[in-house]
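Hi,

Here is the structure I promised to pass on. Have a look at it first, and then read my notes below.

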Amino acid sequence: MVNSETFNAWACTGKDQPLEWTEMPFKQFDADTVEMDVTHCGICGSDVHTMDSGWGPTNYPCVVGHEITGVVTRVGDNVSKFKVGDRVGVGAQSLSCLECDSCKNGFENICENGITGTYNGTYPNGDKSFGGYAEKWRGHQHFVFKVPDNMTNEIAATFFCAGVTTFAPLRRYNVKKGDCVAVIGLGGLGHFAVLWAAAMGAEVVAISHSKSKKDDALKLGCSDFVMSSDKEHMAKYKGKFTHILCASYADDFDWGAHLALMKHNGTFILVAAPEVPLSIPPFALLVKQIQLSGSLIGSPKQIEEMLEFAAEHNVRPWINKYSMKDTPQAIKDFRSGKPRYRFVLEN
Ligand SMILES: [Zn+2]
Ligand SMILES: [Zn+2]
């Protein structure tokens, strides 16, 4: 049966093409589907990379946006955990096989059979996945979450990608009181990483190439702000960091200089997604037994845990709101580095 249902969205029709507000085909509604009216959608760097075919050719037309919150309007027959009217959110992942070892053990985000992204992905029946720069969204219940009662949808939206992408590895590597965590890059991800690590009880230091974010870093909970170009200030932290979370990676990233700041047995966590291979001096890792780790979004279980932690510790991202109808302007402002620290579109 041809699916004739549609929804309105900002579609990207090709690299360097302007966004167009247009009707798009909905994925098929099945027994596991949750449909929502989108209230908010955060703007993630991945959205822009995808519109630009930055990680390989994008399957245009695409509708990006994977920090989506909304209100449930319809549920399929298998859905019992949500009802019409519930406030819900969805992040960067909309499906996995749900059968492999990773999926069965609560790591659906690293499914052995690959994941279906919330946009620029394809469902098993061939339908394309579309994101949240839209009026409506539809997807599988397994990747939809209730927004905590004490959190608004506009605040909740950015937790679903930026939030969990930084929360998951900091939790996995057990950041706690007594640790000293460096966060490289104070953008959407980095500002969340600071909030989390501080809430977990660690001392947090921001490392940035831009002096303009110093005051914000301190307000977010950092004990210090270091310009990566300031060699003297960097030297003060030699051997000090138990964890470094790298949220921003420039092509000329100086691995030697940053790994020198790590404590023995420390963990370097890469959450930035550079378009180039990494070039790491091996002895900088060997002599201190440094763990080098990558991390990609988070599993449904980690998303639940994050929302609980955020609700309990009152972790709240800094956001700037735009009306959904001003999405093209928001993207323009995003590209020029204006977010402090995450843009959220509002219907
Ligand atoms: Zn994202
Ligand atoms: Zn799987």
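**Overall picture**

This is a predicted model, and its chain has 11 helices and 19 strands. The radius of gyration is 20 Å, close to the 20 Å that the globule rule gives for 347 residues, so the chain is as compact as a globular protein of that length. If you want a feel for the dimensions, the C-alpha atoms fill a box of roughly 65 × 40 × 35 Å along the principal axes.

A few more numbers on the chain as a whole. Of its 347 residues, 55% count as buried. Taking contacts with a separation of 6 or more, 67% are between residues 24 or more positions apart. The accessible surface is about 15200 Å², and carbon and sulfur atoms make up 51% of that. As for charge, there are 34 positive and 39 negative side chains, with the centres of the two sets 6 Å apart.

**The zinc site**

Which residues hold the zinc ion (ligand 1)? C44 (SG), H66 (NE2) and C161 (SG) coordinate the ion, at 1.9 to 2.2 Å. Along the sequence, these donors follow the spacing C-x21-H-x94-C. H66 and C161 link distant parts of the chain, as they are 95 residues apart. H66 is in the loop between α1 (45-51) and β4 (68-75), while C161 is in the loop between α3 (153-156) and α4 (162-172).

Are these two buried or exposed? H66 has 6% relative accessibility, and with the cut-off for buried at under 20%, H66 counts as buried. C161 is buried too, with a relative accessible area of 5%.

One caution before you count ligands: water is not among the atoms, so sites may look incomplete.

**Helix α4**

The helix that follows the loop of C161 is worth a look in the viewer. Nine of the 11 residues of α4 are buried, so this helix is largely enclosed by the rest of the structure. The buried ones are A162, G163, V164, T165, T166, F167, A168, P169 and L170. What covers them? The cover includes the strands β12 (180-184), β15 (241-246), β16 (262-270) and β19, together with the helices α5 (188-199) and α10 (300-313). Just after α4, N174 takes a positive phi of about 55°.

**Backbone oddities**

Most residues other than glycine have a negative phi, and most peptide bonds are trans. That makes the following spots worth checking by eye.

- The loop between α1 and β4, which also carries H66, has two of them. S53 lies in this loop and has a positive phi near 55° without being a glycine. P61 is found there as well, and the peptide bond from Y60 to P61 is cis, with omega near -5°.
- L98 is another non-glycine residue with a positive phi, about 65°. Its place is in the loop between β6 (93-95) and α2 (101-104), and at 32% relative accessibility L98 counts as partly exposed.
- R340 and Y341 are joined by a cis peptide bond, with omega about 5°. Y341 lies in the loop between α11 (327-335) and β19 (342-346), and β19 is one of the elements covering the buried residues of α4.

Shout if anything here is unclear.

Cheers

Key. Residues are numbered from 1 along each chain as its sequence is written. Chains are lettered from A and ligands numbered from 1 in the order in which they are written. This is a predicted model: local features need pLDDT of at least 70, side-chain atom pairs count only at pLDDT 80 or more; totals for chains, interfaces and linings use all residues. Side-chain values use heavy atoms; hydrogens and water are left out. Helices (H or I, at least four residues) and strands (E, at least two) are DSSP runs, numbered from the N terminus. The radius of gyration is taken over C-alpha atoms; the globule rule is 2.2 Å times the number of residues to the power 0.38. Buried means under 20% relative accessible area, exposed over 50%, partly exposed in between (1.4 Å probe, protein chains only). Contact means heavy atoms within 4.5 Å. Accessible areas come from the Shrake-Rupley method with a 1.4 Å probe; for residues, only the protein chains shown count as cover. Lys and Arg count as positive and Asp and Glu as negative; His and the chain ends are not counted. The place of a charge is taken as NZ of Lys, CZ of Arg, CG of Asp or CD of Glu. Donors are N, O and S atoms within 2.8 Å of the metal (3.2 Å for Na, K and Ca); water is not among the atoms, so sites may look incomplete.
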